Amino acid sequence: MRAASITGYGAPRDVVKCADVPDPDAPAAGKVVVRMLLAPVNPADLLTIKGNYNRDVEFPFIPGTEGLGRVEAVGDGVATVRVGDLVIPMPRNTWQERLAVREELLIKVPASGPLDQLAMLKVNPATANGLLCEFGPLEAGDWVMQNASNGGVGQYVIQLAAKRGIHTVNVVRRNDRGDALRDRGATVVLVDDLSDPERLRAAVKSATGGAHIKLGFDAITGPGTDAMAAALGDGAQLVVYGTQGRAPSQLDGRRLFQHGLALRGFWLTAWYRSTPLDKIASTLHRLADDVAAGFLRSDIEAVYPLEQVGEAAAHADRSGRSGKILIALDPETA
Ligand SMILES: NC(=O)c1ccc[n+]([C@@H]2O[C@H](COP(=O)([O-])OP(=O)(O)OC[C@H]3O[C@@H](n4cnc5c(N)ncnc54)[C@H](OP(=O)(O)O)[C@@H]3O)[C@@H](O)[C@H]2O)c1
């Protein structure tokens with residue numbers, strides 16, 4: 001069978017290749033062979049490929065943090081999935097045509113769901129859900145604020161917040177995505193490069209009528225962290241969850257002691273490690289139902305066949321996209 005493979009770190013276009021690898025054996029008791037259908041290219045995949053994330057990989061390495069597959073064969077004793085079911089495998093290394101997975105590490109998703117949207121379930125919707133659920137109660141009418149709002153996580157934050165009646169201030173760095181975000185349920189969209197805290201604070205105050213912003217999500221860091229902090233209400237929490245700007249966070253310390261701001265972090269990997277499997281499953285099932293109902297979705301810019309996986313990764317590494325890049329791992333989805 002075929003898989004994406006890297007034999008060393010480097011630029012995605014240079015190092016990500018489509019290679020022949022051994023097929024998994026017929027599934028042992030309690031195991032399932034999954035024929036993979038689609039997988040997105042996420043920032044964490046790009047960081048891993050470049051050697052900027054998890055440097056303890058062994059080469060040759062098959063990238064891929066998530067994806068969607070169809071059960072192809074089940075071992076003795078497997079009771080929760082059947083051949084033909086659509087599943088999300090919890091293990092990584094998903095950019096390959098087949099995966100052998102223990103039964104309990106599969107999340108069954110609705111057969112009626114859009115395959116491309118379900119393929120993105122495990123990472124970004126779960127992250128958006130964590131951001132909105134893990135930092136104290138939010139009620140209808142509360143305000144949250146985020147940057148990188150037109151990215152995958154940003155779009156899911158908007159939709160999940162809107163479903164609960166939570167208002168969102170969404171900062172983007174370009175002005176061609178406002179209508180798309182408002183269509184998803186964004187309350188306010190602001191174009192700002194996060195370089196001037198006072199300018200952003202004033203813009204947020206004006207756009208929200210001086211609303212108290214209770215929670216902020218920062219995926220950029222650098223000077224952007226301080227700009228986000230300046231726009232939040234007293235006693236708010238600012239949660240850093242990404243470093244898209246590549247520079248270390250800057251923060252005027254007075255915001256902590258004069259305004260009672262708390263700086264927090266969220267890492268989905270830690271959430272998956274520390275959360276019981278039944279809670280993970282119920283969270284993903286709820287999100288999958290929202291995806292299947294067409295309520296929860298993220299824009300997609302392109303789908304590449306597995307043989308062009310290097311181009312797919314290079315495309316995902318470009319800014320200014322209108323959506324995610326997916327890899328089709330099976331003729332059913334190519
Ligand atoms: N902590 C966690 O557990 C966790 C989980 C999932 C994702 N993440 C992180 O969350 C971030 C977003 O992930 P994603 O999948 O949503 O990414 P994505 O779909 O690729 O979107 C990236 C977003 O970041 C914006 N952006 C990139 N560089 C920027 C910069 N220098 N200044 C301002 N905006 C910038 C992009 O804006 P344009 O559209 O204008 O290019 C886009 O909105 C990534 O850093 C990722 O690693 C963290």
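This passage describes a helix pair, a pocket and two aspartate residues in a predicted model.

The packing of α7 against α8 was examined first. Two packed helices are described by the angle between their axes and the distance between the axes. For α7 and α8, the angle is about 35 degrees and the axes lie 8 Å apart. The crossing of α7 over α8 is right-handed. On the side of α7, the contact is formed by P197, L200, R201 and V204, and α8 contributes D226, A227, M228, A230 and A231. Classified by residue type, this contact comprises seven nonpolar and two charged residues, with no polar residue among them.

The second largest pocket of the model encloses about 260 Å³ of space. Its lining consists of 17 residues, and those nearest the pocket centre are R201, A230, A231, L232 and G233. Two or more lining residues are supplied by each of α7 (197-208), α8 (224-231) and α9 (254-259). Of these elements, α7 provides the largest share of the lining, with four residues. In terms of class, eight of the lining residues are nonpolar, five are polar and four are charged. The helix pair and the pocket have residues in common: R201, A230 and A231 take part in the contact between α7 and α8, and R201, A230 and A231 are also listed among the residues nearest the centre of the second largest pocket.

Two aspartate residues were then considered in their local settings. D290 is located in helix α11, which spans residues 277-292. With a relative accessible area of 10%, D290 falls under the 20% limit and is therefore classed as buried. When neighbours within four places in sequence are set aside, the contacts of D290 are with L160, K163, F295 and L296.

D76, by comparison, is situated in a loop, the one that joins β4 (68-74) to β5 (86-89). The relative accessible area of D76 is 63%, which is over 50%, so this residue is classed as exposed. Apart from neighbours within four places in sequence, D76 is in contact with A28, A29 and G30. One of these contacts, that with A29, links positions 47 residues apart in sequence. The C-alpha atoms of D76 and A29 are 4.4 Å apart in space.

Taken together, the two aspartates differ in setting: D290 is buried within α11, whereas D76 is exposed in the loop between β4 and β5.

Note on methods:
Residues are numbered from 1 along each chain as its sequence is written. This is a predicted model: local features need pLDDT of at least 70, side-chain atom pairs count only at pLDDT 80 or more; totals for chains, interfaces and linings use all residues. Side-chain values use heavy atoms; hydrogens and water are left out. Buried means under 20% relative accessible area, exposed over 50%, partly exposed in between (1.4 Å probe, protein chains only). Contact means heavy atoms within 4.5 Å. On a 1 Å grid over the protein atoms alone, a cavity is a set of points where a 1.4 Å probe fits but cannot get out, and a pocket is an open set with protein on both sides within 12 Å along at least five of seven lines; lining residues have an atom within 4 Å of a point. Grid points are joined across faces, edges and corners, and a volume is the space filled by probe spheres set on the points. Ala, Val, Leu, Ile, Met, Phe, Trp, Tyr, Cys and Pro count as nonpolar, Asp, Glu, Lys and Arg as charged, and the others, Gly among them, as polar. Axes are lines fitted to C-alpha atoms, for helices over the stretch in contact, and angles run from 0 to 180 degrees between N-to-C directions. A crossing is left-handed if the near helix is turned anticlockwise from the far one by less than a right angle, and right-handed if clockwise.
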